[in-house]
Amino acid sequence: MTENAAASSARAAHEIRLAFSRLRRRLRENYGSGDLTPSQTSVLSRLDKDGEASVSDLAAIEGIRHQSVATTVGVLVERGLVTRRPDPEDGRRQLVFVTESGHAFLEERRRAGEGWLAQVLETRCTEAERRTLIEAAALLERVVRR
């Protein structure tokens, strides 16, 4: 890698991280927390995206202690956003999955956030700039794909 390539890669990484941090914060402001903590939101979103999992699996994926995830799941169960069922392959374990209420909760938040962002893009960007953002999103998707 040349010096210029290394410098431009470092600058791009910095600028993208800052922009995503600010965007994430603004999205959260516009869709509200629904009284969930970031950890609760993360677990709920992970289950929605990846499907059912045990508390142990969630702890490993989220990189947090088993007890913390168990507490988080307990709150989500109380709110009716997730529920548990026995693991058909190991009766000692329970699997956690998102309920219809949980799916609806997440979808409402996504719609609110995307609605806010679409409005901002409509009022602050030209059509050409929006096309550039679509192309940039495709590049970022390629970067994060495993």
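**Exercise 1.** In this predicted model, determine whether Thr72 is buried or exposed.

*Solution.* Step 1: the relative accessible area of Thr72 is 8%. Step 2: the cut-off for a buried residue is under 20%. Step 3: Thr72 is therefore buried.

**Exercise 2.** Place Thr72 in its secondary structure element and identify the residues that it touches, not counting those up to four places away in sequence.

*Solution.* Step 1: Thr72 lies in helix 4, which covers residues 66–78. Step 2: with residues up to four places away in sequence not counted, Thr72 touches Ser39, Gln40 and Val43.

**Exercise 3.** Describe the span of helix 4, its buried residues and the elements against which they pack.

*Solution.* Step 1: helix 4 has 13 residues, and its first and last C-alpha atoms are 18 Å apart, close to the 18 Å expected at 1.5 Å a residue. Step 2: the buried residues of the helix are Val69, Thr72, Val73, Gly74 and Leu76. Step 3: these residues pack against helix 2 (38–50), helix 3 (55–62), strand 1 (82–87) and strand 2 (90–98). Step 4: after the helix comes Gly80, with a positive phi near 80°.

**Exercise 4.** Characterise the packing of helix 3 with helix 4 by angle and distance, handedness and residue class.

*Solution.* Step 1: the angle is about 115°, and the axes are 9 Å apart. Step 2: helix 3 is therefore roughly perpendicular to helix 4. Step 3: the crossing is right-handed. Step 4: Val55, Ser56, Leu58 and Ala59 of helix 3 meet His66, Val69, Ala70 and Val73 of helix 4. Step 5: by class, this contact has 6 nonpolar, 2 polar and no charged residues.

Definitions and conventions. Residues numbered from 1 in each chain as written. Predicted model: local features only at pLDDT ≥ 70, side-chain atom pairs only at ≥ 80, totals over all residues. Heavy atoms only, no water. Helix = DSSP H or I, 4+ residues; strand = E, 2+ residues; numbered from the N terminus. Expected span 1.5 Å × (residues − 1). Buried < 20%, exposed > 50% of the residue type's maximum accessible area, 1.4 Å probe, protein only. Contact = heavy atoms within 4.5 Å. Axes fitted to C-alpha atoms, helices over the stretch in contact; angles between N-to-C directions. Parallel < 35°, antiparallel > 145°, perpendicular 65-115°, else oblique. Left-handed = near helix turned anticlockwise from the far one by under 90°. Nonpolar A, V, L, I, M, F, W, Y, C, P; charged D, E, K, R; others polar.
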